[in-house]
Amino acid sequence: MVVAVLEEMRIQALGVIDDAAFELSPGFTAVTGETGAGKTMVVTSLGLLLGGRADAGLVRMGAKAAVVEGRVTVPADAPVTRRAVEAGAELDEDALIITRTLSAEGRSRAHVGGRSVPVGLLTELSDDLVAVHGQTDQQGLLRPARQRQALDRYAGEAVAGPLAQWTRAYRRLRAVTGELDELTTRARERAQEADLLRFGLEEVAAAEPRPGEDAELAAEAARLGHAEALASAAATAHGALAGDPADPESVDAGALVSGAHRALDAVHAHDPALAHLADRLGEVQIVLADIAGELAGYPDTLDADPLRLAAVEERRAALTQLTRKYGADIAAVLAWAEEGTARLAELEGDDDRIGELAAERDALRAELAGLAASLTDARTAAAQRLADAVTAELAELAMPHARVSFALRQSEDPDGLDVGGRTVAFGPHGTDEVELLLAPHPGAPPRPIAKGASGGELSRVMLAVEVVFAGADPVPTYLFDEVDAGVGGKAAVEVGRRLARLARSAQVVVVTHLPQVAAFADRHLAVRKTSDGTVTRSGVQALDGEERVRELSRMLAGQEDSELARAHAEELLAAARADR
C-alpha cells in the first residue's frame with residue numbers, strides 16, 4: 001500500500017524552465033520531451049526537494065531565485081510525518097508542502113509545512129519518501145565495490161551484523177598495528193628521549209629544590225649583601241625618632257610630638273576640636289615609640305656573615321642551572337620533573353606495551369578470520385537469492401535466456417588473514433571481492449557486466465536490479481531517469497510493462513525517450529520548449545487524448561502528423577490499456 005504520494009510540483013526559474021506546475025499520478029507518470037527541452041530539470045528539481053546540492057548556476061538567467069515546491073500526501077501516523085511535525089511543520093489537509101529556494105547568489109533555503117528547516121531535514125525525510133535511480137547509478141553498479149554494496153544491502157541483517165563487528169575489529173586492528181609500528185620503528189628515538197629525561201630528572205633530584213626556594217634565597221641574598229647599609233639606615237631613623245642619648249641637646253621627632261601633645265592637652269577643655277587633635281597626637285606618639293623600638297632591635301636581626309652569603313649565592317647558582325634548562329622558575333622545574341617522570345615510565349614500559357599490543361593484534365586477526373568466514377557464507381547465500389531474483393526480472397524484460405550470477409573471490413596475500421587454510425587479503429569490508437556476472441544467452445560464459453553486456457542489456461540488468469531492490473526495500477515513490485537507455489523494440493515494451501506493474505504498489509516517475517515506455521504511463525507529462533529567437537523557455541504540459549498520440553508519434557518517427565506513426569502510437573496505447 002502506498003503510504004505517501006508526491007501529488008504535484010511547481011518549478012520556477014530553474015534552468016530553461018520559466019514557470020511550470022504539474023500533477024503526478026499516484027501510479028505511473030512518464031516525462032518526455034525533445035533533447036534540450038529540460039527533462040533533466042524535472043529530475044533536478046526533485047533532487048533539490050530531497051535535499052540535493054544546490055548550485056547557483058541552476059537559477060535561470062535574469063531571475064533572482066529559483067523555487068521548487070512539492071505537495072506530498074502523507075498519513076498522519078507515518079514516520080516521515082512525525083519527523084516533520086517535530087521540526088515544526090504543519091500539515092495542509094494531510095499533505096506536506098516542501099519548498100526549496102535557491103538564490104542567484106548561491107544561498108539556499110528550505111521550508112517544510114510552512115516552517116523554515118535545515119536542508120539536512122529534507123535529506124532525512126527523503127529516505128522514507130523517494131528512491132532515485134539514474135544513469136549515474138547504472139554506471140556506479142559497473143564497479144565491483146558498488147556491486148558488493150548492493151549485495152550487502154540485499155542480504156540485510158545476515159551481512160549487516162557480522163559486518164558491523166568486522167568494522168569495529170578492523171578499525172581497532174589498524175590502530176593497534178599503527179601503534180606497534182611506531183613503537184618498533186622509533187625505538188632508537190624513544191631510547192634517546194628516555195636517556196635525556198633520565199639525566200634531567202637525576203639532575204633535578206640531586207639538587208632537591210623546594211617550591212619557592214629561589215624567591216626565598218633571592219630575598220636573603222639581598223639582606224646579606226647590604227647588611228651594613230641596612231643597619232646604618234635603621235640607626236639614623238632611630239635617632240631621628242628617639243634622639244641621640246650621647247647628645248642631650250639633640251632634637252628628635254618623639255620629643256617634638258610630645259611637646260605638641262602637651263600644648264594641646266593643656267587647653268583641650270576649651271575646644272572639642274583641639275581635644276580631638278590632641279588625641280590623634282597621642283596616637284602618633286604611640287606609633288613613633290613602637291617604630292623606634294623596632295628600629296632599635298633591627299640591627300640584631302641582620303646576619304652579616306660572609307660565609308652564609310657565599311653559601312646562599314652558591315645555592316642560587318645551582319638552582320639557576322635548573323631554571324636555565326627545565327623551566328622559568330623552580331615551580332616550572334618541579335612541574336617539568338613531574339611530567340618527565342610520567343613520560344619516562346611510559347618509555348621504559350615500551351617492551352611491556354609491545355607485548356600487550358602484539359597479543360591484542362593476534363587476537364584481533366583471529367577474530368577477523370572468523371568474521372571473514374561468516375561474511376563470505378552470508379554473502380554467498382544472498383548472492384544466489386539476488387541472482388535468481390534479477391534473472392527472473394530479466395525474463396520479464398525480454399531477456400528470457402539471460403542468467404545473472406555473482407562471483408565471490410579472495411586474493412592471496414602473504415600478509416593477509418588465515419581463512420580456511422589460505423592466507424587472503426582483507427580490507428574494511430572483509431575478504432570478499434564481489435563481481436556481478438551476466439550470461440546473456442545459453443552457451444555464453446558468464447562475464448562481468450561491464451564487459452559482457454551491450455548498452456541495452458546493461459540498462460535492463462540495472463533496471464532488474466533496481467526493481468528487485470524496490471521489492472526488498474520499498475519506498476513510496478521511485479524516480480527512474482532514462483534507465484531505458486540503449487533499449488528499443490520489444491525490449492522497450494517489456495520495460496514499460498514492468499514499470500507499470502511496479503506502479504501498482506508504488507508511485508513511479510520515469511523520464512524516458514522511449515514511446516513504448518511512455519505508452520504504459522497513467523499520466524504523461526511533456527516538457528515543451530519555446531523560443532522567440534533570443535530567450536528559450538520550457539514548460540510542463542499534461543497530455544491526454546490527441547495530444548498524447550501526437551507526442552508518441554513524434555517520439556516514434558520525429559513527425560507528429562505521420563499517419564503511420566500515429567497508427568503505431570495508438571496501437572501502443574491500446575496494447576498498454578489491454579495489459580492493465
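A cavity, as I shall use the word, is a set of grid points where a 1.4 Å probe fits but cannot get out, and its lining residues have an atom within 4 Å of a point. With that in place, let me turn to the structure above, which is a predicted model.

I begin with the enclosed spaces. How many cavities of 30 Å³ or more does the structure hold? There are three. I shall discuss the largest and the second largest.

The second largest cavity has a volume of about 60 Å³. Its lining consists of Leu-141, Gln-147, Ala-150, Leu-386, Val-390, Phe-406, Leu-436, Val-465 and Phe-469. Three helices each supply at least two of these residues: H5, spanning 144–155, H14, spanning 350–395, and H16, spanning 455–472. In terms of class, eight of the lining residues are nonpolar and one is polar, with no charged residue.

The largest cavity contains about 120 Å³ of space. Fifteen residues line this cavity, and those nearest its centre are Leu-50, Val-72, Ile-98, Leu-129 and Val-130. Two or more lining residues come from each of strand E1 (5–14), helix H1 (39–49), strand E4 (65–73) and helix H3. Which element gives the largest share of this lining? It is H3, with three residues. The lining as a whole divides into twelve nonpolar and three polar residues, and again no charged residue is present.

Helix H3 leads to my second topic, the packing of helices. The general point is that two packed helices are described by the angle between their axes and the distance between the axes.

Consider first H2, residues 79–86, with H3, residues 119–126; their axes come within 10 Å and cross at roughly 165°. Angles over 145 degrees count as roughly antiparallel, and H2 is therefore roughly antiparallel to H3. The crossing is right-handed. On the H2 side the contact involves Val-80, Arg-83 and Ala-84, which meet Leu-121, Glu-124 and Leu-125 of H3. Of the residues in this contact, four are nonpolar and two are charged, and none is polar.

The other pair is H19, residues 545–557, and H20, residues 563–579. Here the axes come within 8 Å and cross at roughly 115°. How are these two helices oriented to each other? Since the range from 65 to 115 degrees counts as roughly perpendicular, H19 and H20 are described as roughly perpendicular to each other. Their crossing, too, is right-handed.

The contact between them is made as follows. From H19 come Glu-546, Arg-548, Val-549, Arg-550, Leu-552, Ser-553, Leu-556 and Ala-557, and these meet Ala-565, Arg-566, His-568, Ala-569, Glu-570, Leu-572 and Leu-573 in H20. By class, this contact has eight nonpolar, two polar and five charged residues.

Finally, I turn to the backbone and to two residues in loops. Asp-94 is not a glycine, yet its phi is positive, at about 65°. Asp-94 sits in the loop between H2 and strand E5, which covers 95–103. The second case is Ala-398, also a residue other than glycine, where phi is positive and near 65°. Ala-398 belongs to the loop between H14 and strand E9, the latter spanning 403–409.

Two elements have thus appeared under more than one heading. Helix H3 contributes to the lining of the largest cavity and meets H2. Helix H14 supplies residues to the lining of the second largest cavity and precedes the loop that holds Ala-398.

Notes: Residues numbered from 1 in each chain as written. Predicted model: local features only at pLDDT ≥ 70, side-chain atom pairs only at ≥ 80, totals over all residues. Heavy atoms only, no water. Axes fitted to C-alpha atoms, helices over the stretch in contact; angles between N-to-C directions. Helix = DSSP H or I, 4+ residues; strand = E, 2+ residues; numbered from the N terminus. Parallel < 35°, antiparallel > 145°, perpendicular 65-115°, else oblique. Left-handed = near helix turned anticlockwise from the far one by under 90°. Contact = heavy atoms within 4.5 Å. Nonpolar A, V, L, I, M, F, W, Y, C, P; charged D, E, K, R; others polar. 1 Å grid on protein atoms, 1.4 Å probe; cavity = no way out; pocket = protein on both sides within 12 Å on 5 of 7 lines; lining within 4 Å. Points joined across faces, edges and corners; volume = space filled by probe spheres on them.
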